[in-house]
Amino acid sequence: MAAFTGGEVYKADFDPTAYLEYFKFGGGTLGDEFLAFVLKHYCKTFTSGAVTGRTLIDIGSGPTIYQLLSACETFKEITASDYIDQNCQELQKWLKNEPGAFDWTLVMQHVCELEGDRNKWAEKERKLREAFKRVLKCDVHKSNPLDPVVLPPADCLVSSLCLETACKDQSSYRAALRNISSLLKPGGHLVLSGDLGSSFYMVGPKKFFCLVLTEEFLREALSATGFAIQEFDVLSRGDDTMQEICDFSGMYFIVACKEKAI
Ligand code: SAH
């Protein structure tokens, strides 16, 4: 098992450019399988009318935007967030369309194809830039993760591959769920995705800790923190190569509703 890599290690060692290698969609990296799985689910979740509203907060966005591509069809006020400056800067670079920003075209085209028209990707890019209102610092271990900023409770929270990397054990994971839940309106939705059974992942040459998640634990933790699970999809890992890069055994996609009275 990898040693826990807390916030200070992220600040020192997490290289957004190396991480983004996983998102060169179709390039045969470990990211391909995960992206194909989650993008399909995001599309279904955000374009079927199952999850609607105006405001959405993405927790632990990293340097990525794939998780917002279908959401921006519905949510017109999107806030991204991350613990480390270099990820916030990478997102700003994309937002402002600055030179050197990561090229998300292949991912956007795939999402547009799922949504019915591959050719609409430039329009989607515009839509997301328009809806994307801010990038904030975030720490899921704080009772208000966006402290010192206070936002009105959102209609939806998205978080992908974040809590399992930020939390060293199950009780810290439950506490972090409670903390992020404070950013959500009662009746609002949490859309949570990531890897099952993973104990580490590589970003370039650096190894990062991951809390091993099981479906059973996720179900228990969500209901203990006041969420009603509406959808819980799991897919086993198909590609067994690249175990030295990440040892996940499957992927999960969850839609849960914050219960009105807890
Ligand atoms: N959501 C992105 C990035 C996941 S990588 C994706 O789906 O690809 C894990 C992210 O969690 C990193 O960007 C890291 O900076 C962030 N993170 C680590 N500790 C955190 C904490 N305490 N609070 C919020 N985010 C944290």
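**View 1. His-189 sits in strand S5 of this predicted model.** The strand runs over residues 184-196. His-189 has a relative accessible area of 11% and counts as buried, because buried means under 20%. Looking beyond residues up to four places away in sequence, you will find that His-189 touches Ala-50, Val-51, Asp-155, Cys-156, Leu-157, Leu-184, Gln-230, Val-255, Ala-256 and Cys-257. With one of these, Gln-230, there is also a polar contact from side chain to side chain, at 3.1 Å. Val-9 makes a useful landmark: it is 180 residues from His-189 along the chain, and the two C-alpha atoms are separated by 31 Å.

**View 2. Here is the ligand in its pocket, the largest one.** The ligand is surrounded by 22 residues, and the closest are Tyr-19, Gly-60, Tyr-66, Asp-82 and Ser-160. Two tyrosines are good places to start looking. An N or O atom in the side chain of Tyr-19 lies 2.6 Å from an oxygen atom of the ligand, and for the side chain of Tyr-66 the distance from an N or O atom to a ligand oxygen is 2.5 Å. Val-140 takes part through its backbone, where a polar atom is 3.0 Å from a nitrogen atom of the ligand. How much of the ligand's accessible area does the protein cover? On its own the ligand has 580 Å² of accessible area, and the protein covers 99% of that.

**View 3. Next comes helix H5, which spans residues 105-115.** Its buried residues are Thr-105, Val-107, Met-108, Gln-109, His-110, Val-111 and Cys-112. Their cover includes three other helices: H3 (31-47), H4 (85-95) and H6. Just after H5 comes Gly-116, with a positive phi near 120 degrees.

**View 4. We finish with Lys-124, a residue of helix H6.** This helix covers residues 121-131. Is Lys-124 buried or exposed? Its relative accessibility is 2%, so Lys-124 counts as buried. A polar atom of the Lys-124 side chain lies 2.7 Å from the backbone oxygen of Leu-69. Setting aside neighbours within four places in sequence, the contacts of Lys-124 are Leu-69, Ser-70, Cys-72, Glu-73, Val-111, Cys-112 and Glu-115. Some of these names link back to the previous view: Val-111 and Cys-112 are among the buried residues of H5, and H6 is part of what covers the buried residues there.

Conventions
Residues numbered from 1 in each chain as written. Predicted model: local features only at pLDDT ≥ 70, side-chain atom pairs only at ≥ 80, totals over all residues. Heavy atoms only, no water. Helix = DSSP H or I, 4+ residues; strand = E, 2+ residues; numbered from the N terminus. Buried < 20%, exposed > 50% of the residue type's maximum accessible area, 1.4 Å probe, protein only. Polar contact = N/O pair within 3.5 Å; in protein donor to acceptor, adjacent residues only side chain to side chain. Contact = heavy atoms within 4.5 Å. Near = heavy atom within 4 Å. Areas by Shrake-Rupley, 256 points an atom, 1.4 Å probe, with all protein chains shown as cover. 1 Å grid on protein atoms, 1.4 Å probe; cavity = no way out; pocket = protein on both sides within 12 Å on 5 of 7 lines; lining within 4 Å. Sits in = over half its atoms within 2 Å of the grid points.
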